[in-house]
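Biologist: I would like a close look at one part of this model, taken slowly and with the terms spelled out.

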Amino acid sequence: MFEVNILVITPFLPCKGKHGGAAQMFNLWSEFQKQDNVDLHILAHQTDMELGEEAYTAAVFDSIDIIKVATPSEWMLKGYIDENAGSKPFFSGEFQKKLGELLLMREWDVVILEMQFMMHCAELISQKSSAKIGLIVHESLDIRYKQDPEMLHDFINYRQHFFDQLDFLICFSEEDKASIKWFTKPIYTLSLCVDVEELYQQERNQSDLMFLGSYGHQPNIDSVNLLLEEVLPLVKEPFTLRVCGSQLTNELKDKWQAYPNVKVVGYVEDAKLEMAKCTVFVAPIVSGKGVRTKLVEALSQNTPVVTTSLGMEGIEAKIGTDCFVANSPVELASAIDQLLLGALVVGKNARTAVANHQAEIVASKLTYIIERVV
């Protein structure tokens, strides 16, 4: 069995209880470090930590450095590349200093960067280490910024300076893999790592609909707006929509609570428990890219899910059996009505469809990828 030293550089704190990327990477790295042949160290560049998160994460991981930074006040790639002046760092001096120290601390076999905004770190890594450099792509930014020429230009300009120093990429869906035309070296796919093992035995709250998201992410705002403005006005059956999730501004909260039958809950301690209680989990995804952790979590609780084709990207559930997919407000509203009435039955055994997202299985697949890279 091979032995490998791995350094992970991430722009967010991998922490249990978080949603989205932070939660799935917590699941993956905490499981991956359990292997006897792996020596894993994490360097986290983190903003907006909640009370207790740093201590909890530090206690879980055998080896981790957490660098606290302020939330960027503007688009982080704005003016990053100047054709005459070269690159400008947008991360803190403390972070760059710690990265330099870590690179000299030992002989790393593999350094993994999370998210495309970390690509510039490859420049320093290649100068100080002979490690293979990999990039985890949480979503294809080429597609995400397709409708915003200025942001797409900034990203492409940034990417062109650094991507040739990468040795491999890891994506979470075949769709994202296919969209990355600019990378000619190996690209691997990995299932999203989600805590799907526990099934809550809960009685469902009749007529409760639920949406979950982080509202610092525009696609989640787009989904709620679509629900409130176009879908729910067409629903005939009585319902209450619970809008759950973090980073809710007062402006959004006031706007959404003004709609009838809407309760803005905000952050919930245990998302899967709330999913197990609701009658329907609604997620009309109309923008953004990547595999949605929330949909995998809802399916793991055998909760009826109504979503769009985009929402099901990278999830191997059976449409019509494990979930219901619709792409227009009329179809979405009809599906919700049928589920509230009990006339449409989906998701009774949906958790079997997402079993491949279990941490142990995904960590094993990552081991296989690392073996091939090294």
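Against which strands and which helix do the buried residues of H13 pack?

Modeller: This is a predicted model, in which local features need pLDDT of at least 70 and side-chain atom pairs count only at pLDDT 80 or more, while totals for chains, interfaces and linings use all residues. Residues are numbered from 1 along each chain as its sequence is written, and side-chain values use heavy atoms, with hydrogens and water left out. Helices (DSSP runs of H or I, at least four residues) and strands (runs of E, at least two) are numbered from the N terminus.

Helix H13 comprises the 15 residues 359–373, which at 1.5 Å a residue (the expected span being 1.5 Å times one less than the number of residues) should span 21 Å, and its end C-alpha atoms are indeed 21 Å apart. Its buried residues (under 20% relative accessible area, with a 1.4 Å probe and protein chains only) are Ala-359, Val-362, Ala-363, Leu-366, Thr-367, Ile-369, Ile-370 and Val-373. Because they cover an arc of only 165 degrees around the axis (taken from the directions from the helix axis to the C-beta atoms), they lie on the same side of H13. On the other side of H13, Glu-360 and Arg-372 are exposed, that is, over 50%.

To come to your question, the buried residues of H13 pack (heavy atoms within 4.5 Å) against helix H1 (21–32) and against the strands S1 (4–10), S6 (110–114), S7 (132–137), S8 (168–171) and S9 (187–189). Of these partners, S1 pairs with S2 in the parallel sense over seven bridges, where pairing requires that DSSP finds at least two bridges, and Ile-9 stands opposite Leu-43 in S2.
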